[in-house]
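Let's go through the cysteines and the charged pairs in this one. Have the structure open while you read.

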Amino acid sequence: MASLDPVIDPVLDKDGVRLTVDDAIATVTLTNPAKRNAQSPVLWRALAEAGRLLPGTVRVVVLRAEGKSFSAGLDRQAFTPEGFDGEPSFLDLARGSDAELDATIAEYQEAFTWWRRSDLVSIAAVQGHAIGAGFQLALACDLRVVADDVQFAMRETSLGLVPDLTGTHPLVGLVGYARALEICATGRFVHADEAVATGLANIAVPGDQLDAAVGDLATALLAAPRDAVIETKALLRGAQDRTYEEQRTAERQAQARRLRDLAGLGD
């Protein structure tokens with residue numbers, strides 16, 4: 001079983017984010033349990049930086065969090081008139097131009113986009129509350145292993161906002177439009193049993209077994225050759241946007257590349 005917290009110096013450790021790398025497995029840990037790993041622009045920039053710092057040896061990235069909650073969502077300081085030190089408040093953002101507002105949100109989203117890179121498989125290890133931005137961060141990963149006390153919720157609509165941190169696309173893909181709308185519009189909790197039944201989570205385990213289950217999954221993902229996993233991930237990611245015939249063609253093309261590589265005839 002792979003260790004999720006190797007005793008090595010972190011590549012990054014700042015602003016509530018720690019990145020460690022153990023050969024093919026990187027672990028990104030949210031490190032502010034006192035605030036239930038609430039999120040802010042400075043944390044999002046640290047998450048984006050973690051993605052940029054990954055060495056080429058990494059094949060699997062584990063996202064985990066210290067404490068009882070994965071992430072309680074956006075830090076409520078964002079809703080105060082002053083906002084965060086050195087950051088535009090929500091009121092400041094609203095007063096800006098459309099282009100400025102779009103650019104700011106796009107920057108925030110960068111913390112959520114790199115987890116699905118074709119050369120990586122990402123796993124979110126989720127315990128306790130994963131609310132709003134926390135839910136969307138878990139959805140940013142390819143796979144989710146959850147503790148049996150997990151509580152997902154998308155609370156943005158109750159605040160008069162919409163989910164804007166890349167979570168809507170994977171949510172609809174996992175549970176379908178009607179259930180995604182109901183989850184977002186009501187802001188209700190989704191617990192472990194429903195998360196597994198609807199495809200939000202791959203597996204649910206007792207909380208004290210979460211790290212072990214994620215470590216076992218990471219090890220299993222490393223068993224297959226890297227290029228085969230990359231090609232398979234690309235096939236599956238693109239399937240929903242292709243017709244059946246287009247997917248057949250994509251499968252043939254991918255297999256041709258693999259066979260040529262295995263025969264030493266690749267480019």
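## Cysteines

Start with C184: its sulfur sits 18 Å from the closest cysteine sulfur, the one in C141, and that is too far for a bond. Keep in mind that this is a predicted model. A disulfide is a covalent bond between the sulfur atoms of two cysteines. Here the cut-off is 2.5 Å between the sulfurs, and the count of disulfides comes to zero.

Looking from the other side, C141 has its closest cysteine sulfur in C184, again at 18 Å. Are these two cysteines buried or exposed? C141 is buried, with a relative accessible area of 0%, and C184 is buried too, at 12%.

## Salt bridges that link distant parts of the chain

Now for the charges. Side chains of opposite charge can pair when their charged atoms come close. How many salt bridges does the model have? The count comes to 14.

One of them joins E66 to R18, with the closest N and O atoms 3.0 Å apart. E66 belongs to the loop between β4 (60-65) and α2 (90-95), while R18 is in strand β2 (residues 17-22), so this pair ties together parts that are 48 residues apart in sequence. As for solvent, E66 counts as partly exposed at 27% relative accessibility, whereas R18 is buried at 16%.

Next, look at D75 and K35, whose side chains meet in a salt bridge with an N to O distance of 2.6 Å. What does this pair tie together? D75 is in the loop between β4 and α2, and K35 is in the loop between β3 (25-30) and α1 (41-52), so the bridge connects parts that are 40 residues apart in sequence. D75 is buried, with a relative accessible area of 11%; K35 is partly exposed at 41%.

## A pair within one helix

D261 and R258 also form a salt bridge, at 3.0 Å from N to O. Both are in helix α10 (residues 244-262), and because they are three residues apart there, about one helical turn separates them. The acid, D261, is partly exposed, with 39% relative accessible area. Its partner R258 is buried, at 12%.

## A network

Finally, some charged side chains join up in a group. Which residues take part? R179, E182, R188 and E194 are linked in a network of salt bridges.

Notes: Residues are numbered from 1 along each chain as its sequence is written. This is a predicted model: local features need pLDDT of at least 70, side-chain atom pairs count only at pLDDT 80 or more; totals for chains, interfaces and linings use all residues. Side-chain values use heavy atoms; hydrogens and water are left out. A salt bridge is a side-chain nitrogen of Lys or Arg within 4 Å of a carboxyl oxygen of Asp or Glu. Helices (H or I, at least four residues) and strands (E, at least two) are DSSP runs, numbered from the N terminus. Buried means under 20% relative accessible area, exposed over 50%, partly exposed in between (1.4 Å probe, protein chains only).
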